Amino acid sequence: EKQGFSWDQYLKDNEAKAAPTTCFKQASTPPSNEFSKSMKLEANDPRNNTSSCIATVIDMQGPRLRLRLDGSDDKNDFWRLVDSGDLHPVGYCEQHKGLLQPPLGFRMNSSSWPGFLQRTLNGAQLAPEHCFKKEPPTPLRNNFQVGQKLEAVDRKNPALICPATIGAVNDDQIHVTFDGWRGAFDYWCRYDSRDIFPVGWCESSGHPLQSPGVKAKTLKMSRDNELSVNVGSGYSGSPSVSPPNSQASPLTPSSGDLSRMSPHE
Ligand code: MLZ
């Protein structure tokens, strides 16, 4: 009945431990998502962090929002948690003596911004105050240890949250390495990044969790042994099933398409 990847067997098989929840800047209970698609709010422009812009909720997944800045194109969407400190109800910027800015790459002449702003907000559905949850506190220091498991946003495919391992620790930074993906998606981030979550976060928040990729070693062995299907995937043994919304699935033994191991996909 439980589809897809599950951590329990995977942690045992890999003799690995989950990073303690206290390492993360995440709420102990994931916040509830009270937004609806098409609601408008204020967000900082991720490409120009000093400007406050109007954003629209384009999609939602658990407590995460897919946002698009009004006046921008559909190629620069970004994801934020409902308890992100840089989301505010419409009106917040003005109340704090700021001016709402056009997004970087505003598709019209900048002289048309005031009119555009008025039109985009006219009759719009504005996200009410109760949707915005308090940002969780920042852990006092970097408590991560190499080898610990976590769930992390794939920054190249930011709709996806995937099983990962702490590959290295350096001062306030951690190296997030994605299990089974040969390094192409790995990144360094601060220990208090909002893109990393404790093991079990997806399950408890209602967000889909991707399955790990298949280790290069496992794949090569399967080729050498001329086995085409059902080669040990290294975890529970149940076939991995991607959630219906996934834009991408890791290579599964049954796919038989070795090209998908390409680290740049
Ligand atoms: N483009 C790839 C996405 C891989 C996601 C990996 N996440 C760590 C694919 O289509 O498989």
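## Burial, cysteines and salt bridges in a predicted model

Glu 34 is partly exposed, with a relative accessibility of 31%. The model in which Glu 34 sits is predicted, and the text below begins with the salt bridge of this residue before turning to the whole chain.

**A bridge across the sequence**

The partner of Glu 34 in a salt bridge is Lys 133, and their closest N and O atoms are 2.5 Å apart. Glu 34 belongs to the loop between α1 (7-13) and β1, while Lys 133 belongs to the loop between α3 (113-121) and β6 (149-153), so the pair ties together parts that are 99 residues apart in sequence. Lys 133 is also partly exposed, at 22% relative accessibility. As a general point, side chains of opposite charge can pair when their charged atoms come close.

**The chain as a whole**

The protein chain has five helices and 10 strands. It contains 265 residues, and 45% of them are buried. Of the contacts between residues at least 6 apart in sequence, 63% join residues at least 24 apart. The accessible surface of the chain is about 14,000 Å². Carbon and sulfur atoms account for 49% of that surface.

**The bridges of Arg 190**

The structure holds 13 salt bridges, and Arg 190 takes part in the two described here. One of them joins the side chains of Arg 190 and Asp 172, with an N to O distance of 3.5 Å. Arg 190 lies in strand β9 (residues 187-190) and Asp 172 in the loop between β7 (161-170) and β8 (173-178), so this pair ties together parts that are 18 residues apart in sequence. The other joins Arg 190 to Asp 192, where the closest N and O atoms are 2.8 Å apart.

Which of these side chains are buried, and which are partly exposed? Arg 190 is partly exposed, with a relative accessible area of 37%, and Asp 172 is partly exposed at 35%. Asp 192 is buried because its relative accessibility of 15% is under the 20% cut-off. Elsewhere, Arg 66, Arg 68 and Asp 77 are joined into one network by salt bridges that share partners.

The table gathers the three salt bridges described with distances.

| Lys or Arg | Asp or Glu | Closest N to O distance |
|---|---|---|
| Lys 133 | Glu 34 | 2.5 Å |
| Arg 190 | Asp 172 | 3.5 Å |
| Arg 190 | Asp 192 | 2.8 Å |

**Cysteines without disulfides**

How many disulfides does the structure have? The count is zero. For Cys 23, the closest cysteine sulfur is in Cys 189, and the distance of 12 Å is too far for a bond. Cys 93 is in no disulfide either, and the nearest cysteine sulfur, in Cys 53, is 9.0 Å away. A disulfide would need the two sulfur atoms to be within 2.5 Å. Cys 23 is buried, at 1% relative accessibility. Cys 93 is buried as well, at 7%.

**A buried residue in strand β1**

Asn 44 is part of strand β1 (residues 40-45). Is Asn 44 buried or exposed? Its relative accessible area is 19%, and buried means under 20%, so Asn 44 counts as buried. Leaving aside residues up to four places away in sequence, Asn 44 touches Asn 49, Ser 51, Ser 52, Phe 78 and Asp 86.

Definitions and conventions
Residues numbered from 1 in each chain as written. Predicted model: local features only at pLDDT ≥ 70, side-chain atom pairs only at ≥ 80, totals over all residues. Heavy atoms only, no water. Helix = DSSP H or I, 4+ residues; strand = E, 2+ residues; numbered from the N terminus. Buried < 20%, exposed > 50% of the residue type's maximum accessible area, 1.4 Å probe, protein only. Contact = heavy atoms within 4.5 Å. Areas by Shrake-Rupley, 256 points an atom, 1.4 Å probe, with all protein chains shown as cover. Salt bridge = Lys/Arg side-chain N within 4 Å of Asp/Glu carboxyl O.
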